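Q: Can we go through this model together? I'd like to start with how its elements are named.

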Amino acid sequence: MWNPSQYLQYADHRHRPFVDLVARVDLDAPRRIVDLGCGPGNSTLLLADRWPDAALDALDSSAEMVSAARRNGLAAEQGDVRDWTPTEDTDLVVSNALLQWVPEHRELLAAWARALPRSAVIAVQMPGNFGAPSHRALREVARSAPWIDRLPTDLLRHDDTVDDPGDYARLLAGLGCAVDAWETTYIQRLSGPDPVLEWMRGTALTPVFDVLDADERTAFEADLAARLREEYPVEPDGVTLFPFRRVFCVATVGAALGATDLAG
């Protein structure tokens, strides 16, 4: 179960990639904006501030996140991104830190590029840190006794979950989009006891904890925390440095040189 309060504990760190993503969107007056995976809505409000005249739709699969987004004043709806289809006036689709949870997200991106009107923009950001020590440690603990018999293997994100920026550029350029794709590694300065574990509680550990009871969660965390302390030692100033890679892609539909009408 997603916990908005836990997720927002590092709100500034989580918000920064969204700001960097939207800053690369070159649209003056989109008619409709859709935020897929809006979470608690704190980042979605940036879209309303930048384009106040646009209709704004917000979608999230978590009832808890939708409730939090509604408390932030958004008309958020609960739904699965795999079931979403754009309306004819959708000019901007934003998906921030969602598609890494969707194995078929490459097919979704292609379907959106085909369905959106010409000059619409798809802007996505995904964590690209599944090969990082934090996620390797998570997989190692999950595959050790006694957890290997308790956790379905499909709950754990692998290092091939998200492609490199160039792969998304090739996918969308092949569909006639003009593509701006890049990656950034943020060196996040985290504080407090076991801060990397605390970060993971808001994201990577959520599906794991959904299948463990309270005592099991405590024991699992203890195993994981010991490994994370080795991988991410505390610096002399008391801060823990947590490198976090993000993959970005902004694609403008039908804008590539020589692009044909994709709707057909």
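A: Helices (H or I, at least four residues) and strands (E, at least two) are DSSP runs, numbered from the N terminus. Keep in mind that this is a predicted model.

Q: Fine. Where does Pro-146 lie, then?
A: Pro-146 is in the loop between α6 and α7.

Q: And the peptide bond from Ala-145 to Pro-146, cis or trans?
A: That bond, from Ala-145 to Pro-146, is cis, and its omega is near 0°. In general, most peptide bonds are trans, and most residues other than glycine have a negative phi.

Q: On phi, what is the value for Ala-97?
A: Ala-97 has a phi near 55°, which is positive although the residue is not glycine. Ala-97 sits in the loop between β4 (90-96) and α5.

Q: And phi of Ser-119?
A: For Ser-119 phi is near 80°, again a positive value in a residue other than glycine. The loop between α5 and β5 (121-127) holds Ser-119.

Q: How accessible is Ser-119?
A: Ser-119 has a relative accessible area of 43%, so it counts as partly exposed; the range for that class lies between the buried cut-off of under 20% and the exposed cut-off of over 50%.

Q: Back to helix α6. How many of its residues are buried?
A: Seven of the 10 residues in α6 (residues 133-142) are buried, so the helix is largely enclosed by the rest of the structure.

Q: Which ones?
A: Ser-134, His-135, Ala-137, Leu-138, Arg-139, Val-141 and Ala-142.

Q: What do the buried residues of α6 pack against?
A: They pack against two helices, α8 (195-201) and α10 (214-231), and against strand β7 (240-252).

Q: New topic, the strands. In what sense do β1 and β2 pair?
A: Strands β1 (residues 32-36) and β2 (residues 55-60) are parallel, with five bridges between them. Within that pairing, Asp-35 is opposite Ala-58 in β2.

Q: What unit do β1, helix α3 and β2 make?
A: With α3 (residues 44-50), the two strands form a right-handed β-α-β unit.

Q: How many bridges join β2 to β3?
A: Three, and β2 runs parallel to β3 (residues 76-78). Asp-60 faces Gln-78 in β3. Another right-handed β-α-β unit is made by β2, helix α4 (residues 63-71) and β3.

Q: Let me go back to α3. Is Leu-46 buried or exposed?
A: Neither: Leu-46, which lies in α3, counts as partly exposed because its relative accessibility is 28%.

Q: What is Leu-46 in contact with, leaving aside its neighbours within four places in sequence?
A: On that basis, Leu-46 contacts Phe-18 and Val-19. Leu-46 and Phe-18 are 28 residues apart along the chain, and their C-alpha atoms are separated by 9.0 Å.

Q: Last one, helix packing. At what angle do α5 and α7 pack?
A: At about 35°, and the axes of α5 (residues 105-115) and α7 (residues 165-173) are 10 Å apart. The crossing of α5 past α7 is right-handed.

Q: Which residues in α5 and α7 meet?
A: From α5, His-105, Arg-106, Leu-109 and Ala-113; from α7, Tyr-168, Leu-171 and Leu-172. By class, the contact of α5 with α7 has five nonpolar residues, one polar and one charged.

Conventions: Residues numbered from 1 in each chain as written. Predicted model: local features only at pLDDT ≥ 70, side-chain atom pairs only at ≥ 80, totals over all residues. Heavy atoms only, no water. Buried < 20%, exposed > 50% of the residue type's maximum accessible area, 1.4 Å probe, protein only. Contact = heavy atoms within 4.5 Å. Pairing = 2+ DSSP bridges. Right-handed = clockwise from strand over helix to strand, strands pointing away. Axes fitted to C-alpha atoms, helices over the stretch in contact; angles between N-to-C directions. Left-handed = near helix turned anticlockwise from the far one by under 90°. Nonpolar A, V, L, I, M, F, W, Y, C, P; charged D, E, K, R; others polar.
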